[in-house]
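Me: I'd like to go through this one with you and check the reasoning behind each label. Could you take my questions in turn?

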Amino acid sequence: MKKISIALIGIGKIARDQHLPAIAADPRFDLVACASRNAKVDGVRNYPTLEALLEAEPGIEAVSLCAPPQPRFAQACTALAAGKHVMLEKPPGACLSEVRALEEMALTAGRTLFSSWHSRYALGVEAARTWLATQDLRAVHVRWKEDVRRWHPGQEWIWEPGGLGVFDPGINALSIITRILPREIALVSSTLSIPSNRQMPIAADLRLTDTAGVPVHVEFDWRHGPREQWEIEVRTADGAMLLSQGGNRLTIDDREVALGAVHEYPALYSRWHDLIGRGECDVDVRPLSLVADAFLLGQRERVEAFVE
Ligand code: NAP
């Protein structure tokens with residue numbers, strides 16, 4: 001088993017909540033250093049920038065990028081140009097063209113680029129995909145709603161261009177439906193509700209269709225609470241499926257499907273290790289392209305100003 005030396009960049013909420021524990025629990029990775037403008041991680045060497053880290057730590061083989069999407073393209077270019085394998089947090093970029101450019105860089109350099117979609121590793125996702133493969137679909141309804149003040153306190157970047165607004169959590173649902181539905185889906189129309197003092201939407205309503213004409217209705221809302229609702233309902237000719245709790249609970253015809261313990265980030269690191277071993281990239285931009293389409297076709301409505 002080859003141990004891969006890695007660095008973690010952008011130490012904030014997701015790096016501390018998920019990446020550090022997942023790496024610590026995986027003996028195939030050796031966390032050597034971190035780079036963050038302000039934060040530091042105990043027990044490893046810390047640098048204020050990725051550039052300083054790469055200069056001082058030439059032996060590092062792989063870099064996992066956890067900062068918000070806006071600075072990620074420059075960081076990924078720097079890491080790939082230095083010959084490192086790269087894992088991108090979701091969304092893989094602030095826009096589509098930068099992800100395509102990164103993929104070309106990685107392929108040219110022979111490095112592994114992995115655009116991670118953690119929600120695809122939620123426990124019920126593969127079982128849902130398997131069940132849906134044999135079904136005659138009639139309608140899909142996504143409800144992905146939460147309280148922005150609870151889940152994104154103080155995150156100003158999320159309201160700026162490239163921050164995606166309510167699509168930051170919503171893209172997790174899109175990453176799941178692009179995995180579990182048996183056919184490709186296309187956007188038909190979208191409505192974006194944008195606070196009068198912000199750039200990005202606080203809510204969005206999308207109408208899509210699959211290639212057989214099955215309607216897909218997607219509702220994202222950040223004005224919801226106190227309990228979040230992260231669920232995908234699929235009605236078929238013979239029954240119904242509900243994937244809830246962000247993909248970690250599955251019922252089929254009201255019967256609970258037995259699933260194991262939550263393992264999204266350990267599974268992501270496992271997948272990245274396998275990809276590096278095989279010399280492959282995994283760059284799926286379909287969830288981000290649906291978001292881009294929602295902005296391209298979006299009817300904008302101005303709603304009440306958002307004050308944290
Ligand atoms: P965050 O805590 O607001 O930001 C992460 C860290 O990135 C910050 O603490 C900051 O550390 C650094 N950073 C912020 N802006 C930067 C900039 N302009 N340039 C360089 N570094 C910057 O965000 P997060 O919640 O961890 O989310 C980061 C990414 O993970 C997002 O793409 C998000 O969609 C994804 N994600 C988040 C969650 C979640 O539950 N929060 C779940 C899954 C995925 P320094 O000040 O030390 O540089």
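Reply: Gladly; what follows covers the ligand, its shell and the two domains. Keep in mind that this is a predicted model.

Me: What makes Ser-36 a polar contact of the ligand?
Reply: The cut-off is 3.5 Å between N or O atoms. A ligand oxygen lies 2.7 Å from an N or O atom in the Ser-36 side chain, so the pair qualifies.

Me: Which distances put Gln-155 and Trp-157 within that cut-off?
Reply: For the Gln-155 side chain, the distance from an N or O atom to a ligand oxygen is 2.8 Å. For the Trp-157 side chain it is 2.9 Å. Both pairs are within 3.5 Å, therefore both count as polar contacts. As for cover, the ligand alone exposes 870 Å², of which the protein buries 81%.

Me: Why are Arg-37 and Asp-168 listed as surrounding the ligand?
Reply: Because a residue needs a heavy atom within 4 Å of the ligand, and 23 residues surround it on that basis. Arg-37 and Asp-168 are among the closest, along with Ser-36, Asn-38 and Arg-72. The shell divides into eleven nonpolar, six polar and six charged residues.

Me: Which domains supply the shell?
Reply: Domain 1 (4-115) and domain 2 (119-260 + 292-303) each give at least three residues. The space the ligand takes is the largest pocket.

Me: How do you know that the domains touch?
Reply: Contact means heavy atoms within 4.5 Å, and nine residues of domain 1 meet twelve of domain 2 in this way, so the domains are in contact. Their C-alpha centres lie 27 Å apart.

Methods. Residues numbered from 1 in each chain as written. Predicted model: local features only at pLDDT ≥ 70, side-chain atom pairs only at ≥ 80, totals over all residues. Heavy atoms only, no water. Polar contact = N/O pair within 3.5 Å; in protein donor to acceptor, adjacent residues only side chain to side chain. Areas by Shrake-Rupley, 256 points an atom, 1.4 Å probe, with all protein chains shown as cover. 1 Å grid on protein atoms, 1.4 Å probe; cavity = no way out; pocket = protein on both sides within 12 Å on 5 of 7 lines; lining within 4 Å. Sits in = over half its atoms within 2 Å of the grid points. Nonpolar A, V, L, I, M, F, W, Y, C, P; charged D, E, K, R; others polar. Domains from an automatic or database assignment.
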